[in-house]
Amino acid sequence: MKHTSVEEFSRIYRLDNFSKTLIENGKELFFKKNTVIASPGDIMEGFYFVKEGRVIASEFSPKGNERIICILEKSSIFLESNVLFDVPVFCYFEASEDTTLVFMKKEELLNLLSTDLNVTLFLLQSLTKKFYSNMNHVDELLYHDTEWGMCNLFLTFAENFGVEEDTKIKLNIKISQQFISNLLGINRITTLRIIKKLKELMLIEQTNGYYYIKDIQKLTDYQTMLQSQL
């Protein structure tokens with residue numbers, strides 16, 4: 001589901017044109033929902049490719065508040081930079097649903113990087129996307145307010161998970177208010193207030209645990225208006 005482009009939120013990672021060589025040379029592993037795959041301080045012998053399912057990367061403040069760093073979708077990879085540069089894991093990686101991963105050891109990765117251009121390009125695509133995603137997130141924090149960020153989140157979720165249903169866009173992923181708070185790095189009271197306002201403006205609604213965007217263009221226009229007021 002695509003609509004007019006929005007400024008990238010986007011800590012939702014899924015890659016195109018992945019190299020099948022990665023799958024063929026790795027070991028397939030299954031993780032049940034809520035299983036922690038890697039934790040801060042772990043030294044990795046390899047990295048993971050998401051074959052099916054979803055992985056959430058997050059960290060916790062000293063007070064125990066969770067901040068979601070990114071959402072790793074099918075065909076994305078993670079921990080590749082840790083493996084390449086021998087850097088300990090800095091956050092938690094957890095399967096948010098039943099997930100199948102392909103694990104590849106560092107030695108195998110280095111061999112493929114020296115012999116297979118497609119693998120090299122795929123790895124560079126992953127690292128580049130993560131770099132620009134983090135830069136965009138910094139820009140969002142510096143130059144936009146929380147309500148703009150909430151609109152951007154819903155628009156980006158529409159791009160990644162949206163399906164047309166009647167005249168609306170259904171976000172085909174169940175996201176709680178706490179999940180939204182953790183993604184945006186705000187408290188639940190602020191999340192509740194902004195969601196309530198967007199509902200009153202008839203921009204979004206929620207049915208059976210799923211959010212719907214009632215009109216993509218109106219939500220985009222509202223976000224633009226918010227920016228003009230800063």
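Two strands count as paired if DSSP finds at least two bridges between them. With that criterion in hand, the reader may approach this structure, which is a predicted model. The mean pLDDT of the protein is 90, and 96% of its residues reach 70 or more. Residues 1–9 fall below a pLDDT of 50, although this stretch has 31 contacts in the model beyond near neighbours in sequence.

The description may begin with an open sheet of 5 strands, whose pairing is mixed and whose order is S1-S6-S5-S8-S3. Strand S1 (12–13) and strand S3 (36–38) occupy the edges; each has a single partner strand, so one side of each is left without a neighbour in the sheet. For S3, a pairing is made with strand S8, residues 92–95, through 2 bridges, and these strands run antiparallel. Within this pairing, Ala-38 stands opposite Phe-93 in S8.

Across strand S5 (55–60) and strand S6 (66–72) of this sheet lies helix H6, formed by residues 177–184. The helix runs at about 90 degrees to S6. Helix H6 also packs against helix H7, residues 188–200, with an angle of about 110 degrees and with the axes 9 Å apart. This angle makes H6 roughly perpendicular to H7. On the side of H6, the contact is made by Gln-177, Gln-178, Ile-180 and Ser-181, while H7 contributes Arg-188, Thr-191, Leu-192 and Ile-195. Sorted by class, the residues of this contact are 3 nonpolar, 4 polar and 1 charged.

One residue of H6 may be considered in its own right. Is Ser-181 buried or exposed? Ser-181, which is placed in helix H6, has a relative accessibility of 1%, and it therefore counts as buried, the cut-off being under 20%. Setting aside residues up to four places away in sequence, Ser-181 touches Ile-186, Asn-187, Arg-188 and Thr-191.

The description now turns to another sheet. This is an open sheet of 4 strands, with antiparallel pairing and the order S10-S11-S13-S12. Its edges are formed by S10 and strand S12 (204–207); each has a single partner strand, so one side of each is left without a neighbour in the sheet. On average, and with direction ignored, neighbouring strands of this sheet are turned by 35 degrees against each other.

The pairings of this sheet can be followed strand by strand. Strand S10, residues 162–165, is joined to strand S11, residues 168–171, by 4 bridges, and the two run antiparallel. Val-163 has Lys-170 in S11 as its bridge partner. S10 and S11 form a hairpin with 2 residues between them, and Asp-166 in the turn has a positive phi of about 60 degrees. S11 in turn pairs with strand S13, residues 210–213, in the antiparallel sense over 2 bridges. Here Lys-170 stands opposite Tyr-212 in S13. Lys-170 thus appears in both pairings, with Val-163 as its bridge partner and with Tyr-212 opposite it in S13.

The remaining pairing is that of S12 with S13, which run antiparallel and are joined by 4 bridges. In this pairing Ile-204 stands opposite Ile-213 in S13. Helix H5, residues 146–161, packs on the sheet and touches S10, S11, S12 and S13. The direction of H5 makes about 85 degrees with that of S11.

Methods. Residues are numbered from 1 along each chain as its sequence is written. This is a predicted model: local features need pLDDT of at least 70, side-chain atom pairs count only at pLDDT 80 or more; totals for chains, interfaces and linings use all residues. Side-chain values use heavy atoms; hydrogens and water are left out. pLDDT is the predictor's confidence in each residue, from 0 to 100. Contact means heavy atoms within 4.5 Å. Axes are lines fitted to C-alpha atoms, for helices over the stretch in contact, and angles run from 0 to 180 degrees between N-to-C directions. Angles under 35 degrees count as roughly parallel, over 145 as roughly antiparallel, 65 to 115 as roughly perpendicular and the rest as oblique. Ala, Val, Leu, Ile, Met, Phe, Trp, Tyr, Cys and Pro count as nonpolar, Asp, Glu, Lys and Arg as charged, and the others, Gly among them, as polar. Buried means under 20% relative accessible area, exposed over 50%, partly exposed in between (1.4 Å probe, protein chains only).
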